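Here are my notes on the model you passed along, set out as numbered points. I hope they are handy to read with the structure open beside you.

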Amino acid sequence: MSTITGRSSSGEPSLDARTCAAVGAECRRVREARGLTVQAVSETLLLSTKQVRAIEAMDLSAFHNERFYLAALRKYATFAGVDAA
C-alpha cells in the first residue's frame, strides 16, 4: 500500500496529510535547489502554476478531488526525484 494514501471504508483513496505535506515540501526544496521557477515546473509537468504551488503547500483547493491531487503529487515527486511511494 502507498504511504501517501490509505483506503477509506468506501474503498476510495484517503490522504495521509503529513506524508503529502512532506513530499510537497521536498518537491519545493528540490525545485528551488535546481533554480527552477514554479512556471518552469508547471510547463514541464503540464500543470497550472496554481496547482504546482498547491502541491508544495498541500492545498487541495486547486484540484477537482483527492485523486487528481494525488496524481499530480506523484507526477511532481517523480520529476523532482522524491520518493513518494
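1. Ala77 is a good place to begin. This residue is found in helix H4. Please keep in mind throughout that the model is a predicted one. Ala77 is buried, as its relative accessible area is 1%. Leaving out residues up to four places away in sequence, Ala77 touches Val23, Cys27, Val82 and Ala84. You may also like to look across to Ile55: 22 residues separate Ala77 and Ile55 along the chain, and their C-alpha atoms are 9.8 Å apart.

2. Now for the overall layout. The protein chain has four helices and two strands, and their order along the sequence is β-β-α-α-α-α. Of the 85 residues in the protein chain, 38% are buried. Taking the contacts with a separation of 6 or more, 57% are between residues 24 or more positions apart.

3. Two helix pairs deserve a look, and a word on how to describe them may help. For two packed helices, the description consists of the angle between the axes and the distance between the axes. How do H2 and H4 pack? Helix H2 covers residues 38-45 and helix H4 covers residues 66-80; their axes lie 11 Å apart, at an angle of about 110 degrees. H2 is therefore roughly perpendicular to H4, because angles of 65 to 115 degrees fall in that class. On the H2 side the meeting residues are Val41, Thr44 and Leu45, and on the H4 side they are Lys75, Tyr76 and Phe79. By class, the contact of H2 with H4 has four nonpolar residues, one polar and one charged.

4. The other pair is H3 with H4. Their axes cross at roughly 85 degrees and come within 10 Å, so H3 and H4 are roughly perpendicular to each other. H3 contributes Val52, Ala54, Ile55 and Glu56 to the contact, while H4 contributes Tyr69, Ala72, Leu73 and Tyr76. Here the division is seven nonpolar residues, no polar ones and one charged. If you colour the model by contact, Tyr76 will light up in both places: Tyr76 meets H2, and Tyr76 is also listed in the contact with H3.

5. On to the rings. How many aromatic pairs does a search of the whole structure find? There is one. Phe63 and Tyr69 form this pair, with 5.5 Å from centre to centre and 80 degrees between the planes, which makes it edge-to-face. Both partners are buried: Phe63 has 9% relative accessibility, and Tyr69 has a relative accessible area of 0%. Tyr69 is also one of the H4 residues in the contact with H3.

6. Phe79 has a charged partner. The charged end of Arg34 sits over the Phe79 ring, 5.5 Å from the ring centre. Phe79 is also among the H4 residues that meet H2.

7. Two residues with polar side chains are worth clicking on. Ser42 is found in helix H2 and counts as buried, because its relative accessibility is 5%. Setting aside neighbours within four places in sequence, Ser42 is in contact with Leu47, Ser48, Thr49 and Val52. Gln51 lies in helix H3. Is Gln51 buried or exposed? At 18% relative accessibility, Gln51 counts as buried, since the cut-off is under 20%. Gln51 is in contact with Ala62 and Phe63, again leaving aside neighbours within four places in sequence. Phe63 thus appears here as a contact of Gln51 and in the aromatic pair with Tyr69.

8. Finally, please check the backbone at two loop residues. Most residues other than glycine have a negative phi. Leu46, although not a glycine, has a positive phi of about 60 degrees. Leu46 is found in the loop between H2 and helix H3 (49-57), and it is exposed, with a relative accessible area of 73%. Met58 is not a glycine either, and has a positive phi of about 50 degrees. The loop between H3 and H4 holds Met58, and this residue counts as partly exposed at 22% relative accessibility.

Notes. Residues numbered from 1 in each chain as written. Predicted model: local features only at pLDDT ≥ 70, side-chain atom pairs only at ≥ 80, totals over all residues. Heavy atoms only, no water. Axes fitted to C-alpha atoms, helices over the stretch in contact; angles between N-to-C directions. Parallel < 35°, antiparallel > 145°, perpendicular 65-115°, else oblique. Contact = heavy atoms within 4.5 Å. Nonpolar A, V, L, I, M, F, W, Y, C, P; charged D, E, K, R; others polar. Buried < 20%, exposed > 50% of the residue type's maximum accessible area, 1.4 Å probe, protein only. Phe/Tyr/Trp six-rings, centres within 6.5 Å; stacked < 30°, edge-to-face > 60°. Lys NZ or Arg CZ within 6 Å of the ring centre and 35° of its normal.
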